[in-house]
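Colleague: I am new to this structure and would like to learn how to read it. Could we go through it together, one feature at a time?

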Amino acid sequence: MNPVRQPVLAAGLTALATAATLGLAPGAAVAAPAASPSISVNWFGAADVRAHTATVGGRFDCGAERGLAYIEVHLDQRVRRGSVTGFGFGVIGACTDEHTAGTWTATIPADQGRFRGGPATATARLVVEPNSLTETTEPLRLRPRCAHP
């Protein structure tokens, strides 16, 4: 065998063996990508002017992630000449094989001022420990919560 072709042949065989080990050989099935976590925010929330809070909710899907999970929510509402902001948590427990999707709710206290009925923007993050973070920013409308005597 020609000495120049021998190293090329050896390199080719090594590459083929590596491809077969990785499952990339011709005719091998390629695994589907793992589902990604997702989160959404409902179109409507509730503003409780007396309590200085707003309640928002939505849906979550853990995808292929497993572990302790929770929702972080930042809420921003333009009010007159300023804005009202707040931060809160939604507890969903854990993403497990039995609990992979569902709904969430978070009550968010206003940092200063009061949330009122009207348009607002929510940034919601689905955190699955130890290292998964999925975020969405969506507009919503806060409806005034009726006070019951």
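Colleague: Let me start with a pairing: which residue of β7 does His74 stand opposite?

Modeller: His74 stands opposite Thr123 in β7. Please keep in mind that this is a predicted model. The match belongs to a longer pairing, in which β4 and β7 run antiparallel and are joined by 8 bridges.

Colleague: Thanks! Which elements does the protein have, and in what order do they come along the sequence?

Modeller: The protein has 1 helix and 8 strands. Along the sequence the pattern reads α-β-β-β-β-β-β-β-β.

Colleague: What joins β7 to β8?

Modeller: A hairpin of 3 residues makes that join. The strands themselves, β7 (residues 118-128) and β8, run antiparallel with 11 bridges between them. You can follow the pairing on screen through two matches: Gly118 stands opposite Leu142 in β8, and Val127 has Leu133 of β8 as its bridge partner.

Colleague: In which sense do β2 and β8 pair, parallel or antiparallel?

Modeller: Parallel: strand β2 (residues 44-48) and strand β8 (residues 132-144) share 4 bridges. One place to look is Phe44, whose bridge partner in β8 is Arg141. Phe44 has another contact to show you, as the charged end of Arg143 sits over its ring, 3.8 Å from the ring centre.

Colleague: Now burial. How much of the protein counts as buried?

Modeller: Of its 149 residues, 33% count as buried. Strand β7 is a good case: 8 of its 11 residues are buried, so β7 is largely enclosed by the rest of the structure.

Colleague: And Gly58, is that residue buried or exposed?

Modeller: Residues under 20% relative accessible area are called buried. Gly58 has a value of 2%, so Gly58 is buried. Gly58 belongs to strand β3 (residues 53-61). Its C-alpha atom is 9.1 Å from that of Ala124, although the two residues are 66 apart along the chain.

Colleague: How should I think about salt bridges?

Modeller: Side chains of opposite charge can pair when their charged atoms come close. In this model the count comes to 4 salt bridges.

Colleague: Which side chain meets Asp48 in a salt bridge?

Modeller: That is Arg145, with an N to O distance of 4.0 Å. Asp48 lies in strand β2 and Arg145 in the segment after β8, so the pair ties together parts that are 97 residues apart in sequence. Arg145 counts as partly exposed, at 41% relative accessibility.

Colleague: Which residues are linked with Arg125 in a network of salt bridges?

Modeller: Glu72 and Glu135 are linked with Arg125 in that network. Take Glu72 to begin with: the closest N and O atoms of Arg125 and Glu72 are 3.5 Å apart. Arg125 lies in strand β7 and Glu72 in strand β4 (residues 67-79), so this pair ties together parts that are 53 residues apart in sequence. Then comes Glu135, where the closest N and O atoms to Arg125 are 2.5 Å apart. Here Arg125 in strand β7 is linked to Glu135 in strand β8, 10 residues apart. The two acidic partners can also be read for burial: Glu72 is buried at 17% relative accessible area, whereas Glu135 is partly exposed at 44%.

Colleague: What about Glu138: how far away is the nearest side chain of opposite charge?

Modeller: That side chain is Arg59, 11 Å away, and Glu138 is buried with no salt bridge. Glu138 is found in strand β8. A polar atom of its side chain does lie 3.4 Å from the backbone nitrogen of Val41.

Colleague: Last, the aromatic rings. How many aromatic pairs does a search of the whole structure find?

Modeller: The search finds 2 aromatic pairs. In one of them, the rings of Phe87 and Phe89 have centres 5.0 Å apart and planes at 80 degrees, so the pair is edge-to-face. Ring pairs link Phe87 and Phe89 with Tyr70 into a cluster.

Colleague: How accessible are Phe87 and Phe89?

Modeller: Phe87 is partly exposed, with a relative accessible area of 32%. Phe89 also counts as partly exposed, at 47%.

Terms used
Residues numbered from 1 in each chain as written. Predicted model: local features only at pLDDT ≥ 70, side-chain atom pairs only at ≥ 80, totals over all residues. Heavy atoms only, no water. Pairing = 2+ DSSP bridges. Phe/Tyr/Trp six-rings, centres within 6.5 Å; stacked < 30°, edge-to-face > 60°. Buried < 20%, exposed > 50% of the residue type's maximum accessible area, 1.4 Å probe, protein only. Lys NZ or Arg CZ within 6 Å of the ring centre and 35° of its normal. Lys, Arg positive; Asp, Glu negative; His and termini not counted. Polar contact = N/O pair within 3.5 Å; in protein donor to acceptor, adjacent residues only side chain to side chain.
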